[in-house]
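Trainee: Hello! I am new to this structure and would like a close look at one small part of it, with a little of the surroundings. Could you take me through it slowly?

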2 protein chains.
Amino acid sequence: MLDALFKPRAIAIVGASVKELSIGNVIIRNLQKYGYKGAIYPLNPTADEVCGLKAYKTLDEIPGQVDLAHIIIPSKFVPQTIEDCGKKGVKAVIINSAGFSELGDEGAALQKDFLQRAKEYGVRVFGPNCQGIINSDPELNAYCNFTFTYPEPGHISVVALSGGVGALIMQALTDLGIGQRFYASNGNACDISIPEIVRYYGDDPETRAVVLYTEGFSNPREFLEVAKEVSAKKPILAMKAGRTEQGAKAASSHTGSLAGVDIATELIFEKTGILSFTDEGEMARAAMAFATQPIPKGNRVGIITNTGGPAVIATDVLVSFGLDVPKLSEASIERLQLSQMAEAALENPIDVVATASGAHFRGALDVMMDEEGIDSVFINFVTAPFTDTHEVARQIVEVSRLGKKPIVCNFMTDLSQERFRITHGILKAGGVPCYANPSDAAKALGALASYGKLRARDIGEPRAFAGVDSARAKKVIDEAREAGRSVLSATEVYSIFEAYGIPVAGWAVTADAAEAAAAAERIGFPVVVKVDCEEIDHKSDMGGVAVNLKDAASVRATVEDMQSRLGSLGKLNFFVQKFLPGGRELIIGAAAERELGHLVMFGLGGIYVEVLKDVVFKIAPVTELEACEMLANIKTAALLDGVRGERGIDKQAVKELIQRVSLLLTELPMIQEMDMNPIMAFADCVYAVDGRIRI
Amino acid sequence: MLDALFKPRAIAIVGASVKELSIGNVIIRNLQKYGYKGAIYPLNPTADEVCGLKAYKTLDEIPGQVDLAHIIIPSKFVPQTIEDCGKKGVKAVIINSAGFSELGDEGAALQKDFLQRAKEYGVRVFGPNCQGIINSDPELNAYCNFTFTYPEPGHISVVALSGGVGALIMQALTDLGIGQRFYASNGNACDISIPEIVRYYGDDPETRAVVLYTEGFSNPREFLEVAKEVSAKKPILAMKAGRTEQGAKAASSHTGSLAGVDIATELIFEKTGILSFTDEGEMARAAMAFATQPIPKGNRVGIITNTGGPAVIATDVLVSFGLDVPKLSEASIERLQLSQMAEAALENPIDVVATASGAHFRGALDVMMDEEGIDSVFINFVTAPFTDTHEVARQIVEVSRLGKKPIVCNFMTDLSQERFRITHGILKAGGVPCYANPSDAAKALGALASYGKLRARDIGEPRAFAGVDSARAKKVIDEAREAGRSVLSATEVYSIFEAYGIPVAGWAVTADAAEAAAAAERIGFPVVVKVDCEEIDHKSDMGGVAVNLKDAASVRATVEDMQSRLGSLGKLNFFVQKFLPGGRELIIGAAAERELGHLVMFGLGGIYVEVLKDVVFKIAPVTELEACEMLANIKTAALLDGVRGERGIDKQAVKELIQRVSLLLTELPMIQEMDMNPIMAFADCVYAVDGRIRI
């Protein structure tokens, strides 16, 4: 439990300072300014008083129980201080000091040292090299942080890997007038982790939505499990930076831990139903909508506007989020005629025109609330100076309070004028999320609707397959490993595929021309012959592949030719396989991802993967729904259905193939890389015709 | 000249009102509030005084000269009033009243009426159904508008089709602290047009950048010419809404003039070097950077940050704009070691760390300014409460004032605190563009850099081709037209292609089997035979196409078969053409675009155009550089260079083909649609093998 961290009744400041421009002073003033209800104990070796509070020399001297200690001292003194905390019975520490794992081996050793002592005494560690936490509960007002933004109480909880981004999200939410519940930024995160914090937010009844910033996870599997659990209860809005190679490099430079562009984090978001953002401002503005509005039940938006152009912009953005701006029913249009001016446009958007009064807005709002074909309402409200803007705001609030459908408002005004500040205040007090331009407002509504879709999507459980012989597959791998080989032979690869019921084009491994010809007769012509030799890596380039051999004589001639050309390179075998021309080439790949399991890739083979890079990934295990999504989400999905008179491929067989691969990977975690390239897909069947496995 | 509109020395308000919540009152108060330096003459049939000013009954009564009149009266009285204005010598009118072409035939007739009278008297008309203009020149302070935002003087001029969007751009610029020069929103735009206003801004020495919002142009060719002229002098930032089908529908509903998604406007932006935006907030924030910063000379950004995460986000965004965050030189790193703290990261980003002082920032800035490998500087500045933030701001301003390289600043702070407002004030007064989060700041720098690239791009003049026989082509078209045909025959199409030197696979039109066989012998085998008959539209579906005929006998048999099957449908001819297998299929298409000329399309044929819709468009005439861009900008451009061991195609021949097509279209404007599908491209040549022209 993280209560000692988030709900401390008494806090010691180890390294309290009398210098105004210092962290050990700012933290105490923040606690005071925010109105912390517990006891604050500054520790300072020389001063008697810090920020008007009695200062102590050691933890021992502090009269009462201490739940939490801030540690703001040079890194080399931290291990001893942690031990002192343990002895005093301190339950959690926030180590603001830097100088640990982010600074190389010496720092890492210090971190290991204090962590060991913390474990011994049962002290939980937040940080080091971090900001801290905030709990806005008016009963506590715990501002254990050196930032400068003082959030109002609310229902959004924020957790950020980067303190800088955490602070700017907190500031953005504050600027938007959104209250917050918890805030946490845990720096090096040597003990208390982001997943643990997200779970704590998930269990907190006051937290309605979680906002998360990360640059990747050191413990992705743990996060995946927590995210699945929490996002079943409340929305998680998340942003992962370091999406580009140079961005990832910048991230690894400041966190000292991660490297390379990881796509796994986005896939975790997708798998667990987290709403993913690439713009921190957009995420904060979306949070404003989540703070007060219900989730739309569908994707049909009604637009009410008192100005033309902003409705056009809003429509463009809403449509790009997959939303629809449908026609209103005849009944609704007739009803609108009773309430609207002659020059109003009674379509969707409803243009109530610039001179519209509160009654005109209300008439339009009532219709949108009652119209069955509308799931959410977007309002453009420009404060035309020749209208009673307060009354318009009051009408919007009255309808919004009914909570029937989500409303967002693009509120276009000049907040430097008191008159319009009052109008804004009416909307804000009424819980109507207001934005300064139509794109921002439409993106926020788009986020609400996207979350509605995510929530309705149940990926289900991975499918079980009868007749899978995992013991046989394990045995094949064990034998290869014992033989010291990391790349499996063709025979091994196909044996494993067969053990998992993966359809493989008829094949045989043969030692010479006679055996190859006999195998070809058995398999049926035409066949392909490939040399199978540990020493030969790029078979094609070496002339080790011959396709479309139509009779036994050609097979014999081919094998003899390969023997004469390549025999000197090593022991040759000859892989004979049914040749299957005319199908659609597909590719399925997989790679083990650090601590997470396997990523499974699907795409069309050939130029589609090589030139267009048109592939999709999922984290194994892949469910039936996820397999469907894989087929649907490649850009060239239409090719699977057949174009230019061709027949489409057997998509159900491909989905099953993906799921069998997923099961194989889940049961054989020692596989590092696997690919099936190509898979030949036909209208009524699908075969793997080449495979590679590395353990 | 629009001086009477933008620089009026005396203004009459026809329809001045004593009612506070009315446009005829708001406009007078706006003029007064903004400090208009000229004379204001309210006209009101009953009141003696409006807003403290003497009111007049008629224009005649006004003692002095009137440059500009606002007209805010019911539409039916407008024609007579315009005539009165003419008689009084009023040079321009702003018709705020609605009820004209946007309301159907009756309104359109009124509009035609007043426009005729205006022309008679030489009165220029702005509107109707519009807001008005603003000129912030402190010598004039003309606020001829009913909006509520009062811009400071500055160097950005705004023009918007939609008053709602214009007002919100003006508000966004004002909120960002950006001064403005002119503002104009001209509603129905029956006389003074957006191109005319843009030209006026272009000629205005005080306007440094133009910000434009539109939903399309009624006079695209005029705009293209003006834009070319003005964007050679100063940046034009533009946004076109109605990008989606539903958005375009919303646009046509409020402007009453346009319909359908037009791609031409974006192409005009591209051709004339206008910087195009899809987000109005992003455009306003970009304008802030254009208002004070020089244009970067290249795409290499140096990042200075006092917090980690925001630098990661900024890097992601900058890279997505095509910018580079390169390593610093050894010399720069050595120099940084002298000024930075031990824990600073001396890479790019330079992380000066949270406790950095003004001197640390200055050290990093000086290095970035002197580093030859850096063209622009991005700063993340979080106002850590334990640092002297004013001093940091002063150092940034000092370096920025040198004007050596553009600087943008992501300034993360809480502006509700006076201390940080002062810091912000230092940056703002120093002309440093400040943004509230890293994505917004990075996008603004991205816009500056994108404009730098646009400015360096000279598309050149269209190429002339020797030996083109345009007279022959015109004759072919004239004859078809005289014969009442809009779809040209194969013979006509290929004759036109040949007249423009467009390489066509050898062909002949023949009447029967014997002629066809003879032609095939002449052309060389293999050939393709296609039935040529006005009554047969879909040749392939009707069995009217036979490919890869390898000898005279097959040609004869094919023609005889077609005669027997299709002869009853109409007079048959047989088009015989060289069959060219194995090349890469390309497609070039063209369509006449209302008032603009032709749009030319290029792409790969087959599934690439049909399934992937992977095509690019340009406005004719297409220059050599534009033709290069067309080949480079399709998503499958890599296929043109050859993949999987194939040879690439003759790209120079394709570029020339595009330019010959462009010339053909420019000289034959009566062509409505044309396509060459497919074109067969090989490593050393390219041939049109099927063509269609509609006039």
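Trainee: Which residue in E9(A) stands opposite A:Asn135?

Mentor: Happy to help, and please keep in mind from the start that this is a predicted model. The partner of A:Asn135 is A:Ala142, which stands opposite it in E9(A). This pair belongs to two strands that run antiparallel: strand E8 of chain A, residues 132–135, is joined to E9(A) by three bridges.

Let us step back to the sheet around them. It is an open sheet of seven strands in chain A, and its order is E9-E8-E11-E10-E12-E13-E14, with mixed pairing. So you can place your residue pair at once: E9(A), residues 142–144, is an edge strand, and E14(A), residues 275–277, is the other, each pairing on one side only. From one strand to the next, the twist averages 15°. A helix packs on this sheet as well: H5(A), residues 163–175, touches strands E10 (153–160), E11 (180–185) and E12 (209–214) of chain A. The direction of H5(A) makes about 160° with that of E10(A).

Now look at the corresponding strands in chain B, where there is further detail to enjoy. E8(B), residues 132–135, is joined to E9(B), residues 142–144, by three bridges in an antiparallel arrangement, and here B:Ile133 faces B:Cys144 of E9(B). Six residues lie between the two strands of this hairpin, and B:Asn141 takes a positive phi near 50°. E8(B) also pairs with E11(B), residues 180–185, again antiparallel, this time over four bridges. In that pairing, B:Ile134 stands opposite B:Tyr183.

Which way do the side chains go? In a regular strand, they alternate between the two faces of the sheet. In E8(B), B:Gly132 and B:Ile134 point one way, while B:Ile133 and B:Asn135 point the other, and all of them are buried. Leading into this strand is the loop between E7(B), residues 124–126, and E8(B), and B:Asn129 lies there. B:Asn129 has a phi near 60°, which is positive although the residue is not a glycine. B:Asn129 counts as buried because 25 other C-beta atoms lie within 10 Å of its own.

Chain A has a few backbone features that are worth finding too. A:Val353 is not a glycine, yet its phi is positive, at about 70°. Look for A:Val353 in the loop between strand E17 (350–351) and helix H13 (358–370) of chain A. A:Val353 is classed as buried because it has 20 C-beta neighbours inside 10 Å. Then there are cis peptide bonds. One joins A:Phe525 and A:Pro526, with omega about -5°; A:Pro526 sits in the loop between helix H19 (513–523) and strand E22 (527–532) of chain A. Another runs from A:Ala620 to A:Pro621, with omega near 0°; A:Pro621 is found in the loop between strand E27 (615–619) and helix H22 (624–633) of chain A.

Finally, how do the two chains relate? A turn of 180° with a shift of 0.0 Å along the axis lays chain B on chain A with an RMSD of 0.1 Å. This is therefore the relation of a two-fold axis. Both copies use the same surface, since 100% of the contact residues of chain B recur in chain A.

The contact draws 72 residues from each of chain A and chain B. On the chain B side, the elements that give two or more residues include H2(B), H5(B), H11(B) and H16(B). H11(B) gives the most, with ten residues. By class, that side has 34 nonpolar, 24 polar and 14 charged residues.

H11(B) has a neighbour within its own chain to look at. The axes of H11(B) and H16(B) come within 8 Å and cross at roughly 35°, and the crossing is right-handed. Among the residues making this contact are B:Ile313, B:Val317 and B:Leu318 of H11(B), and B:Ala441, B:Ala442 and B:Leu445 of H16(B). Sorted by class, the contact has nine nonpolar, two polar and one charged residues.

How values were computed
Residues numbered from 1 in each chain as written. Chains lettered and ligands numbered in written order. Predicted model: local features only at pLDDT ≥ 70, side-chain atom pairs only at ≥ 80, totals over all residues. Contact = placed C-beta atoms within 7 Å. Nonpolar A, V, L, I, M, F, W, Y, C, P; charged D, E, K, R; others polar. Least-squares fit on C-alpha atoms with pLDDT ≥ 70 in both. Buried ≥ 20, exposed ≤ 12 C-beta atoms within 10 Å, placed from the backbone. Pairing = 2+ DSSP bridges. Axes fitted to C-alpha atoms, helices over the stretch in contact; angles between N-to-C directions. Left-handed = near helix turned anticlockwise from the far one by under 90°.
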